[in-house]
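Here's an informal walk through one chain, covering its cysteines, one of its helices and its pocket. Have a look at the model before reading on.

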Amino acid sequence: MFKAFLNRFLINILIMKTIVYYYSRKGSNRYLANKISNDLNCDIEEIKPRLNFFILMLLGINFGNTKLKNKVENYDKVILCGPIWMGKLIIPLKNFINNNLKIINKLIFVTCCGSSFKDKDNKFGHNLVFKIIKNITGDKCVHCEAFPIGLVLTEEQKKEQDSYMKYQLNDENFKGEIVDIYNSFVAKIKEI
């Protein structure tokens, strides 16, 4: 009996279980979450708000999320993937963090967002959300990573502000600098 317990204990220590939870409105963060899940060979689950209305979420009106199928406490690493809207941690992601904070072991936050690396500290920049997440989670947040959509836009598309909101990551445009950042991210996550 002790030997069986010891074997289970050692297996749990040696095998770090990872899951990707994601919320995506347009599809870029869904694409990114699926890519991460495939490359890390880990579980994935979509976060579904009870009411998925853009304006209500943007205003911070909270209706909660539906119940998750996979239990957060069964995973050593939780990768949370989702958008940043106007420099804000959006309600579905905030609900996920607040509802699971006590049972998250390690949190990695990932976003495909509109802010560039140059503008990351501006009013709508992704670093502001990273700071909010780290303030909420403390030491549990071990890494944050941004994949700015501008990395896959042509120079002409970058001139049109609407491109940042309309464009989606996909297999055809996921190349160049964003791939280098992604590969570095995946290698880093395997080490955490």
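A disulfide here is a pair of cysteine sulfur atoms within 2.5 Å. This is a predicted model, where local features need pLDDT of at least 70 and side-chain atom pairs count only at pLDDT 80 or more, while totals for chains, interfaces and linings use all residues. Residues are numbered from 1 along each chain as its sequence is written, and side-chain values use heavy atoms, with hydrogens and water left out.

**Cysteines**

Searching the whole structure turns up zero disulfides. Why do Cys81 and Cys113 stay unpaired? In both cases the closest cysteine sulfur belongs to Cys112, and the gap is too far for a bond. Both are also buried, meaning under 20% relative accessible area (over 50% is exposed, in between is partly exposed; 1.4 Å probe, protein chains only).

| Cysteine | Sulfur distance to Cys112 | Relative accessible area |
|---|---|---|
| Cys81 | 8.0 Å | 0% |
| Cys113 | 6.6 Å | 5% |

**The chain overall**

The chain has eight helices and seven strands; these are DSSP runs numbered from the N terminus, with helices (H or I) of at least four residues and strands (E) of at least two. Of its 192 residues, 43% are buried. Take the contacts (heavy atoms within 4.5 Å) with a separation of 6 or more: 73% of them join residues 24 or more positions apart. The accessible surface is about 11000 Å², with 53% belonging to carbon and sulfur atoms; areas come from the Shrake-Rupley method with a 1.4 Å probe, and for residues only the protein chains shown count as cover.

**Helix H2**

H2 runs over residues 28–40, and its end C-alpha atoms are 18 Å apart, in agreement with the 18 Å expected for 13 residues (1.5 Å times one less than the number of residues). Its buried residues include Tyr31, Leu32, Ile36 and Leu40. Among the elements covering the buried residues of H2 are strands E1 (18–22), E3 (77–81) and E6 (106–113), plus helix H8 (177–191). Asn41 follows H2 with a positive phi, near 50°.

**The largest pocket**

How much space lies in the largest pocket? About 720 Å³, counted as the space filled by probe spheres set on grid points joined across faces, edges and corners. A pocket is an open set of points on a 1 Å grid over the protein atoms alone, where a 1.4 Å probe fits, with protein on both sides within 12 Å along at least five of seven lines; lining residues have an atom within 4 Å of a point. The lining has 29 residues, with Ile84, Cys113, Gly114, Ser115 and Met165 nearest the centre. H2, H3 (54–58), E4 (84–85), E6 and H7 (161–166) each give two or more residues to this lining. H7 gives the most, with three.
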